[in-house]
Amino acid sequence: MSDQNAAVGAGGRLGVTPSQTVGPFLHIGLPWPDGPYVVPEGTAGAVWITGTVYDGAGQPVPDAVVETWQADPDGRFDHPDDPRGAAKPSIPGFRGFARCDTDADGRYRVLTVKPGPLPCPDGGTEAPHLDVTVLARGLLDRVVTRIYFPDEDAANAADPVMSAVPPDRRGTLVAEPDGDGGLRFDIRLQGDGETIFFEV
Amino acid sequence: MTGLDDIRAPGAVTRGGLVLPHYPIPKDVHPSLDSPEYRSTALRHPTQPLQLMPQRLTEVTGPLLGEERVGELDHDLTRQHDGEPQGQRIIVHGRVLEEDGRPVPNTLVEVWQANAAGRYRHTGDNWPAPLDPNFTGVGRCMTDADGHYRFVTVKPGIYPWRNHDNAWRPSHIHFSLFGRAFTQRLITQMYFPDDPLFFQDPMWNSVRDENARQRMLCHYDHSATEAEWALGFRFDIVLRGPQASVFEEEDDDDE
């Protein structure tokens with residue numbers, strides 16, 4: 001038996017393991033009790049982002065997981081691959097990451113703080129955003145989108161990722177005030193108002 | 001953060017002075033989101049083309065977490081209850097690697113699976129196979145400095161579903177991997193060799209490339225088998241990795 005089953009592919013590199021769906025029983029394996037909390041409850045300036053995941057028939061998707069990843073409010077990451085250096089977040093308990101499985105009504109929620117803007121390698125600036133992974137029964141690979149903030153019109157207009165998206169669909173990337181102090185960001189996997197998804 | 005403070009090979013040198021790793025998109029590996037044989041994809045795959053997103057700071061970083069959420073017995077699915085679960089006791093182990101063979105140390109590996117009778121401990125699983133009071137079917141562990149992980153569990157049973165006539169899922173264990181960058185996030189399923197049900201399984205067959213499909217298989221590993229105790233299976237997981245060097249950046253050659 002060989003010590004390693006990872007097949008060597010083109011150029012001497014190993015072949016990547018293929019993606020598969022999370023299936024219908026993701027709820028036993030993926031949720032964490034503290035999953036939705038990018039920041040601890042009670043953090044100053046924290047906002048709930050809530051939303052519903054919809055399928056192509058407009059039906060809620062009750063077997064999805066939404067994950068988010070973001071910079072801290074200073075636009076820094078506690079990560080060694082950030083060439084500016086890993087930076088400890090100024091907010092105690094800031095994790096940068098959230099995970100929430102959808103409920104019977106297809107709803108998810110994430111408690112977070114708005115990240116800072118980010119410098120781009122080409123000299124531009126990215127508007128505050130969260131990267132989003134959606135996993136679900138029926139999704140054989142994850143889909144990726146971004147959440148932008150509705151009170152950042154100027155920054156959003158200058159954002160290079162947003163600017164590359166067809167103008168009539170940019171709105172699918174911007175959260176809306178929910179009238180209750182929070183933000184709403186629905187995800188439409190298919191059909192009318194289909195969310196912009198990225199290949200990254 | 002042991003093992004995570006090495007410097008990655010830079011993928012792009014740019015005017016802004018930010019040098020970021022670059023993770024090329026793997027070709028002919030992942031299934032198409034639109035795979036009609038798996039019926040649940042019909043209303044859930046995007047119909048608009050995906051937008052290409054350059055990899056910037058948010059994409060080349062990712063959550064480096066997990067140690068604090070792994071309990072003492074989380075890696076041993078046979079010891080999470082008062083008694084032992086029914087079924088064939090197995091050891092599933094392997095390494096989490098990047099494409100260049102570099103191990104991914106200290107990364108969280110999460111698994112979930114059906115019990116030996118093919119039933120998940122989930123309110124949505126109602127097929128008439130018994131639940132096992134001694135089996136939850138959920139595990140997690142961290143890879144060590146060499147990217148190695150190890151679980152003890154029981155072989156999951158085969159179960160029916162309603163995708164097509166007389167449809168059965170091959171034995172499989174769900175795996176969730178983070179790697180160290182948002183680009184590396186991977187959810188997959190590990191299958192067992194010689195399963196008779198691959199021919200009719202739309203998930204297995206959604207990976208079109210035969211070589212790629214084989215990478216979802218574990219292999220019997222006698223060196224990991226423990227005498228009079230448990231059978232060993234090896235499953236290495238390869239995450240997409242950063243480009244080897246700045247000089248391979250194609251964009252830099254032309255202009």
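**Entry 1: confidence**

I started at the tail of chain B: over residues 247–255 the pLDDT (the predictor's confidence in each residue, from 0 to 100) stays under 50, and the model has 3 contacts beyond four places in sequence for this stretch. A contact here means two residues whose C-beta atoms, placed from the backbone, lie within 7 Å. This is a predicted model, where local features need pLDDT of at least 70, side-chain atom pairs count only at pLDDT 80 or more, and totals for chains, interfaces and linings use all residues. Residues are numbered from 1 along each chain as its sequence is written, while chains are lettered from A and ligands numbered from 1 in the order in which they are written.

Chain B as a whole averages a pLDDT of 91, with 89% of its residues scoring at least 70. At the other end of the chain, residues 1–15 have pLDDT below 50, yet I find 41 contacts for them in the model beyond near neighbours in sequence. For the complex, the predictor reports an ipTM of 0.95 and a pTM of 0.93.

**Entry 2: chain B in outline**

I count 4 helices and 12 strands in chain B. These are DSSP runs numbered from the N terminus: helices are H or I with at least four residues, strands E with at least two. Of the 255 residues of chain B, 45% count as buried. The cut-offs I use: buried is 20 or more other C-beta atoms within 10 Å of a residue's own, exposed is 12 or fewer, and partly exposed is in between, with C-beta atoms placed from the backbone. Among contacts in chain B with a separation of 6 or more, 71% come from residues 24 or more positions apart.

**Entry 3: strand β2 of chain B**

Next I looked at β2(B), residues 89–98, where 8 of the 10 residues are buried. Which strands does β2(B) pair with? I took pairing to need at least two DSSP bridges between two strands.

- β5(B), residues 148–154, runs antiparallel to β2(B) over 7 bridges, with B:Ile91 opposite B:Val152.
- β11(B), residues 231–234, is parallel to β2(B) over 4 bridges, and B:Ile90 has B:Leu231 as its bridge partner there.
- β12(B), residues 237–239, is also joined in parallel, by 3 bridges, with B:Glu98 partnered by B:Leu239.

**Entry 4: the β7/β8 hairpin of chain A**

Over in chain A, I found β7(A) and β8(A) running antiparallel, joined by 6 bridges. A:Asp131 has A:Arg146 in β8(A) as its bridge partner. The hairpin has 6 residues between the strands, and A:Gly138 takes a positive phi near 90° in it.

Why is β8(A) largely enclosed by the rest of the structure? It is so because 6 of the 6 residues of this strand (143–148) are buried. Side chains alternate between the two faces of the sheet in a regular strand. In β8(A), A:Val143, A:Thr145 and A:Ile147 point one way and A:Val144, A:Arg146 and A:Tyr148 the other, all of them buried.

**Entry 5: the core**

I then checked the largest nonpolar core, which has 103 residues; A:Val53, A:Val134 and A:Leu135 have the most contacts inside it. My definition is a set of buried Ala, Val, Leu, Ile, Met, Phe, Trp, Tyr and Cys residues joined through C-beta atoms within 7 Å. β7(A) gives the most to this core, with 5 residues. Leaving out residues up to four places away in sequence, A:Leu135 touches A:Val22, A:Leu26, A:Ala64, A:Val65, A:Arg142 and, across in chain B, B:Ile187.

**Entry 6: where A meets B**

How many residues does each chain put into the contact? I get 68 from chain A and 85 from chain B. On the chain A side, the elements giving two or more residues are α1 (26–29), β5 (118–119), β7 (129–136) and β12 (198–199). β7(A) turns up again here, giving the most to that side with 5 residues.

Strands also pair across the chains: 2 bridges join β12(A) in parallel to β1(B), residues 51–52. A:Phe198 stands opposite B:Gln51 there.

**Entry 7: the UniProt record**

Last, I looked up the annotations, which may be inferred rather than shown by experiment; feature names are shortened and positions follow the numbering used here. UniProt places "domain: Intradiol ring-cleavage dioxygenases" (unreviewed entry) at residues 47–191 of chain A. That span is 7% helix and 34% strand, with its end C-alpha atoms 29 Å apart. For chain B, UniProt lists residues 92–120 under "domain: Intradiol ring-cleavage dioxygenases" (unreviewed entry). I get 0% helix and 41% strand over residues 92–120 of chain B, with the end C-alpha atoms 19 Å apart.
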